[in-house]
Protein chains: 2
Amino acid sequence: MNAKAPIDFYFDFSSPYGYLGSEMIEALARRHDRSVDWHPMLLGVVFRQTGALPLTQVPVKGPYAIRDFARSARFHGIPYRMPDVFPIAAQVPSRMMLWAKQRDPAQGVRAAQALYRAFFVDGHDISQPDVAAAAVGAAGFDAAAARAAIDEPAIKDALKAEVDRAIAAGVFGSPFFVVDGEPFWGVDRFDQIERWLAEGAF
Amino acid sequence: MNAKAPIDFYFDFSSPYGYLGSEMIEALARRHDRSVDWHPMLLGVVFRQTGALPLTQVPVKGPYAIRDFARSARFHGIPYRMPDVFPIAAQVPSRMMLWAKQRDPAQGVRAAQALYRAFFVDGHDISQPDVAAAAVGAAGFDAAAARAAIDEPAIKDALKAEVDRAIAAGVFGSPFFVVDGEPFWGVDRFDQIERWLAEGAF
């Protein structure tokens, strides 16, 4: 008996839509007897291929995006507040999440959710190592070990590998999902992902 | 008794997602006792503000978009085929639709749907005046009058006014909807538009 393949979930810790995806993807996967493989990546690197700017820095589109982040969160019933410091570089939370994931995938999910909520609910600047360590510490992790992990060469390499993997998978935005080889960009493709999981390719 | 305000629907005739929106917006509006005011505009002009490129020309994102256009059409049960000539300049179909709209808004809708389907179902290059005239002719309009209208100064000015109106409304993509002052970008915001119409601001 083969287990069904996990859903690959690519995200950047500075992405509001990535955060919304992180709050919704596990429940969606469970409804269809799937697991989720969480892949932190760096949009700054990915954007070098497409020439994209951070969304909030695009004229005209930026103000709409800020409005849509909050409205989409309310629509889905997810707590959200635009952080004062935004966007942030995502290396620190990404490495910390990968450190937790290397111990156990479920711990990686728990660390990622704690970091995302610290940023998008509490407004904490998780690009700062001590702030990120406090966030995972509050979620039950060893804060000192988490703080130390972000400087470990193996963890740095793990993040580089995740970014390479994302680029190889054709990821150009956050969140990005791959379901049995099929790519879906955005929280707004959850309806299509749901049908794909329920009925197969359409 | 005040009638409820119409939904403003901004679209570019070269936009696949605009086409999908054109096939869905009237039914959505009817469910909530609303009318729709159809506004053709030119993404090429709008994109000068944001620096955006036509979606299919963006590295990495372009191939995904081509896949997503067709998948989204299948998801919504809308006939669709990627035109061989793409993108096209939308001046000709836009002016032809405005010519029909000036006679009667319902005729504008009928002309717009005929033009969109000629392009995205039949693959006809509606940037060509004779091709566009044939498309509206097949839908019951006077093809010769439609063909002549695209060179009328008043119709040209009407399109310029629509583009100015779109820019003033903060439009940066297609389709773009404004419901009682609230902006929504994309077919994938139909779920939010539906709730906004049913329950008011959330």
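Two residues are taken to be in contact if their C-beta atoms, placed from the backbone, lie within 7 Å. The exercises below apply to a predicted model.

**Exercise 1. Describe the side of chain B that touches chain A, and state which relation links the two chains.**

Step 1. By the contact criterion, 18 residues of chain B are in contact with 18 residues of chain A. Helix 2 (43-50), helix 3 (61-76), strand 4 (182-185) and helix 9 (190-199) of chain B each supply at least two residues of this side, and helix 3 of chain B gives the most, with five residues. Sorted by class, the side of chain B that touches chain A holds nine nonpolar, four polar and five charged residues.

Step 2. Two copies of a chain are related by a rotation about an axis and a shift along it. Here a rotation of 180° with 0.0 Å of shift along its axis superposes chain B on chain A, with an RMSD of 0.0 Å, and that is the relation of a two-fold axis. In chain B the C-alpha nearest this axis belongs to B:Asp188, at 2.9 Å from it. The same surface serves both copies, since 100% of the contact residues of chain B recur in chain A.

**Exercise 2. Work out whether helix 4 of chain B is enclosed or open, and check its length against the expected span.**

Step 1. Helix 4 of chain B comprises residues 91-103, and at 1.5 Å a residue its 13 residues should span 18 Å; the end C-alpha atoms are 19 Å apart, which agrees.

Step 2. A residue counts as buried if 20 or more other C-beta atoms lie within 10 Å of its own. Ten of the 13 residues of helix 4 of chain B are buried, so this helix is largely enclosed by the rest of the structure; among them are B:Arg95, B:Trp99 and B:Lys101.

Step 3. The cover over these buried residues includes strand 2 (36-40), helix 5 (105-120), helix 6 (129-138), helix 7 (143-149) and helix 8 (153-168) of chain B.

**Exercise 3. Establish the strand order of the sheet in chain B, and identify which helices pack on it.**

Step 1. Four strands of chain B form an open sheet in the order 2-1-3-4, with mixed pairing. Strand 2 and strand 4 of chain B stand at the edges, each with a single partner strand, so one side of each is left without a neighbour in the sheet. Neighbouring strands of this sheet are turned by 20° against each other on average, direction ignored.

Step 2. Strand 1 (residues 7-11) and strand 3 (residues 176-179) of chain B run antiparallel and are joined by three bridges; B:Phe9 has B:Phe177 as its bridge partner in strand 3.

Step 3. Helix 8 of chain B packs on the sheet by touching strand 1 and strand 2 of chain B, and its direction makes about 105° with that of strand 2. Helix 9 of chain B also packs on the sheet, touching strand 3 and strand 4 of chain B, with its direction at about 15° to that of strand 3.

**Exercise 4. Locate A:His32 and determine which residues it touches.**

Step 1. A:His32 lies in the loop between helix 1 (16-31) and strand 2 (36-40) of chain A. With 14 other C-beta atoms within 10 Å, A:His32 is partly exposed.

Step 2. Not counting residues up to four places away in sequence, A:His32 touches A:Leu197 and A:Ala198. A:His32 and A:Glu194, which are 162 residues apart in sequence, are 8.3 Å apart in space, C-alpha to C-alpha.

Key: Residues are numbered from 1 along each chain as its sequence is written. Chains are lettered from A and ligands numbered from 1 in the order in which they are written. This is a predicted model: local features need pLDDT of at least 70, side-chain atom pairs count only at pLDDT 80 or more; totals for chains, interfaces and linings use all residues. Copies are superposed by least squares on the C-alpha atoms of residues with pLDDT of at least 70 in both. The expected span of a helix is 1.5 Å times one less than its number of residues. A residue is buried if 20 or more other C-beta atoms lie within 10 Å of its own, exposed if 12 or fewer, and partly exposed in between; C-beta atoms are placed from the backbone. Ala, Val, Leu, Ile, Met, Phe, Trp, Tyr, Cys and Pro count as nonpolar, Asp, Glu, Lys and Arg as charged, and the others, Gly among them, as polar. Two strands pair if DSSP finds at least two bridges between them. Axes are lines fitted to C-alpha atoms, for helices over the stretch in contact, and angles run from 0 to 180 degrees between N-to-C directions.
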